[in-house]
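Dear colleague,

I am passing on the structure we spoke about, together with some notes on what came out of going through it. Please open it alongside this message, as the notes follow the model from its overall form down to single residues.

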Amino acid sequence: MEEEFKKHIEEEKLFKPTDRLLIAISGGVDSVVLTELCHRLGYNIALAHFNFQLRGEESDRDEAFVKELAAKKNIPLHHIRFDTNQEARNAGTSIEETARHLRYAWFDQLIKEHGYDRLLTAHHADDNIETVLMHLFRGTGIRGLRGMLPEKGHHIRPLLFTRRTRIEAWARLEGLDFVEDSSNKELEFTRNYFRKELIPSIQKKFPAAEENILDTIHHMREAEMLYKKALDKQLKRLVHIKGNEVHIPVLLLKKLEPRRLLLWEIVQHYGFHSAQLPDLLHLLDAEPGKYVASSTHRLIQHRQWLVLAPLAGEQAQTILVEGPGSYDFPLGKLEWQWINEEDCSIIYFAQAGDKHEIHVQGKELSFPLLLRTWKTGDYFYPEGMQGKKKKLARFLIDLKLSKTEKEKVWVLESEKKIIWVVGFRKDSRF
């Protein structure tokens with residue numbers, strides 16, 4: 001077991017012998033075996049135990065066991081308690097989801113504060129079988145069918161090469177003490193249902209089902225490598241990064257197949273879910289300005305482009321310009337200053353580094369000026385149009401601005417008269 005464990009780590013290049021490793025330990029057989037293997041092989045380890053306070057005295061028993069184990073082996077230990085039930089009620093999420101979020105947030109905090117190189121968890125091959133089946137029933141693609149990877153960022157799963165029965169057998173052979181979690185028998189937890197009910201039922205018809213799934217995981221992992229190479233080649237043509245936006249050429253996407261899959265690969269990391277794919281694809285032929293929103297982003301039709309942009313955050317919509325000085329606003333900085341006794345200069349420094357400047361006569365201004373986002377119904381008299389009035393909405397359409405670009409337009413006004421569509425056009429009355 002020790003030899004295969006070390007060989008797996010070396011072949012997968014999971015971590016270096018000199019790395020500082022943080023092991024997530026519950027006190028159960030899997031994490032105890034992981035700790036024992038790392039300790040015997042002389043790796044530089046520390047332990048992290050999370051008491052979720054979900055099982056009363058049993059949770060406290062687990063914490064006491066881990067503390068005793070760490071002390072006996074002289075291994076540094078971090079431990080913390082959370083009222084997981086209360087946290088779940090506050091967040092409106094399930095116990096399973098809340099517990100996962102709490103523990104990984106804490107692990108990340110420990111890694112940052114103490115400088116650990118890797119987080120080790122005791123997931124094994126049986127966990128991977130269950131994960132793949134859960135992905136399959138929920139709906140998944142090639143990534144879901146290849147299951148968990150031995151390495152994902154700083155998160156390492158060094159026991160994925162072996163089965164649960166072997167881990168338990170080795171623990172008995174070596175006389176290792178561990179604790180049993182009674183919640184592992186409760187079928188309301190999704191993973192327990194798959195482990196205790198679904199998989200045994202499948203094995204009645206397909207005795208080799210688990211080994212076959214592990215073979216499939218291996219094949220899918222290799223297939224994903226080829227898939228990713230082909231995908232990266234297409235995405236280089238499709239994805240154009242502009243600031244915090246992603247621009248996708250409509251005509252090119254229409255020519256490519258499978259366009260549904262390509263679009264999904266672009267948007268799935270921005271809060272969209274697969275049920276939205278039909279609506280997202282309809283944007284290819286929709287009117288400009290139409291969009292589909294996720295919890296964090298919108299995919300917007302803008303003529304020959306689809307624009308993937310963050311949802312507008314809460315920000316100041318109005319700023320008073322009370323006289324000479326510098327005024328910061330979400331798009332950059334506005335400076336108002338006197339040129340001489342009668343004329344003043346108004347300069348806009350955009351975040352992108354562009355500089356725009358207008359000159360006006362000070363006597364035409366009534367302070368405070370108002371710097372604000374534009375709104376429907378705004379109109380002004382654009383310079384160069386022989387004193388003709390124009391609705392600002394039409395002016396922006398003529399400029400062929402995208403929906404997100406329009407949302408970033410601000411105006412400067414004096415007594416309800418627009419002085420300047422900031423960065424675009426001055427009003428001829430000033």
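What share of the contacts in the protein with a separation of 6 or more comes from residues 24 or more positions apart? The share is 60%, and I should say at once that this figure, like every other one below, comes from a predicted model.

As to overall form, the protein has 15 helices and 22 strands. Its radius of gyration is 30 Å, well over the 22 Å that the globule rule gives for 430 residues, so the protein is more spread out than a compact globule. The C-alpha trace spans about 95 × 50 × 40 Å along its principal axes. Of the 430 residues, 42% are buried, while the accessible surface comes to about 23,800 Å², with 50% of that area belonging to carbon and sulfur atoms. The protein carries 65 positive and 64 negative charges, and the mean positions of these two sets lie 7 Å apart.

Turning to the interior, the largest nonpolar core holds 31 residues, and among those with the most contacts inside it are Phe-5, Val-33, Leu-34 and Leu-120. The elements that give two or more residues to this core include α1 (2-12), β1 (20-24), α2 (29-40) and α8 (164-173), and the largest share, 6 residues, comes from α2. If neighbours within four places in sequence are left aside, Leu-34 is in contact with Phe-5, Ile-23, Leu-120, Thr-121, Ala-122, Pro-158 and Leu-159. Apart from this core lies another, of 23 residues, among them Leu-256, Leu-283, Leu-299 and Leu-308.

Some details of the backbone may deserve your attention, given that most residues other than glycine have a negative phi, and most peptide bonds are trans. A cis peptide bond joins Glu-257 and Pro-258, with omega about -5°, and Pro-258 sits in the loop between α11 (250-255) and α12 (259-267). Another cis peptide bond, with omega about 5°, joins Phe-367 and Pro-368, where Pro-368 belongs to the loop between β16 (355-361) and β17 (369-373).

As for positive phi outside glycine, Lys-13 has a value near 55°; this residue is in the loop between α1 and β1, and it counts as exposed at 65% relative accessibility. Lys-400 likewise has a positive phi, of about 60°, in the loop between α14 (392-398) and α15 (403-407), and Lys-400 is exposed, with a relative accessible area of 56%.

With best regards

Terms used
Residues are numbered from 1 along each chain as its sequence is written. This is a predicted model: local features need pLDDT of at least 70, side-chain atom pairs count only at pLDDT 80 or more; totals for chains, interfaces and linings use all residues. Side-chain values use heavy atoms; hydrogens and water are left out. A nonpolar core is a set of buried Ala, Val, Leu, Ile, Met, Phe, Trp, Tyr and Cys residues joined through side-chain atoms within 4.5 Å. Buried means under 20% relative accessible area, exposed over 50%, partly exposed in between (1.4 Å probe, protein chains only). Helices (H or I, at least four residues) and strands (E, at least two) are DSSP runs, numbered from the N terminus. Contact means heavy atoms within 4.5 Å. The radius of gyration is taken over C-alpha atoms; the globule rule is 2.2 Å times the number of residues to the power 0.38. Accessible areas come from the Shrake-Rupley method with a 1.4 Å probe; for residues, only the protein chains shown count as cover. Lys and Arg count as positive and Asp and Glu as negative; His and the chain ends are not counted. The place of a charge is taken as NZ of Lys, CZ of Arg, CG of Asp or CD of Glu.
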